[in-house]
Amino acid sequence: EQSLEIPDEQRVTIQDNGQVVLNDMPLDKPESKELPALFATLKRFKESCKANKTEAMVTVDVADNAQHQRVVDVLNVCAQAEISGVTFAGATEDAE
């Protein structure tokens, strides 16, 4: 039996226009509040992690001009998919 290599972390990018991108793959429309494709994908990811006894981790990378409501939409989908390991990508390049 061959084991399927699944990354233990997913990266969700929220673009300025509200488009949600999961690991370089655009999902749902920018105006979709419920984000059904993102939810379905994250739910499968969570179930896969559970089966492999690993923690499901999601990193959210938010564009500078993205709407705050869009971040809330993505966090809500993560919660619905029962993923609690959510972190934000840091913008530490200019920080001193």
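Buried here means under 20% relative accessible area, exposed means over 50%, and partly exposed is in between (1.4 Å probe, protein chains only). What you're looking at is a predicted model, where local features need pLDDT of at least 70 and side-chain atom pairs count only at pLDDT 80 or more, while totals for chains, interfaces and linings use all residues. Residues are numbered from 1 along each chain as its sequence is written, and side-chain values use heavy atoms, with hydrogens and water left out.

Two loop residues share a backbone quirk. Asp-24 isn't a glycine, yet its phi is positive, and Glu-82, also not a glycine, has a positive phi too.

| Residue | Phi | Loop | Relative accessible area |
|---|---|---|---|
| Asp-24 | about 70 degrees | between β2 (20-22) and β3 (25-27) | 76%, exposed |
| Glu-82 | near 65 degrees | between α2 and β5 | 53%, exposed |

Helices (H or I, at least four residues) and strands (E, at least two) are DSSP runs, numbered from the N terminus. Strands pair if DSSP finds at least two bridges between them. Strand β4 (residues 57-62) runs parallel to β1 (residues 9-14), joined by six bridges, with Gln-10 opposite Val-58. Four bridges also link β4 to the parallel strand β5 (residues 85-88), and there Val-60 stands opposite Phe-88.

Now for helix α2, home to Arg-70. Arg-70 has 5% relative accessibility, so it counts as buried. Its side chain reaches the backbone oxygen of Pro-30 at 3.3 Å. Leaving aside neighbours within four places in sequence, Arg-70 has contacts (heavy atoms within 4.5 Å) with residues including Ile-14, Val-20, Ser-32 and Leu-35.

Notes:
Polar contact = N/O pair within 3.5 Å; in protein donor to acceptor, adjacent residues only side chain to side chain.
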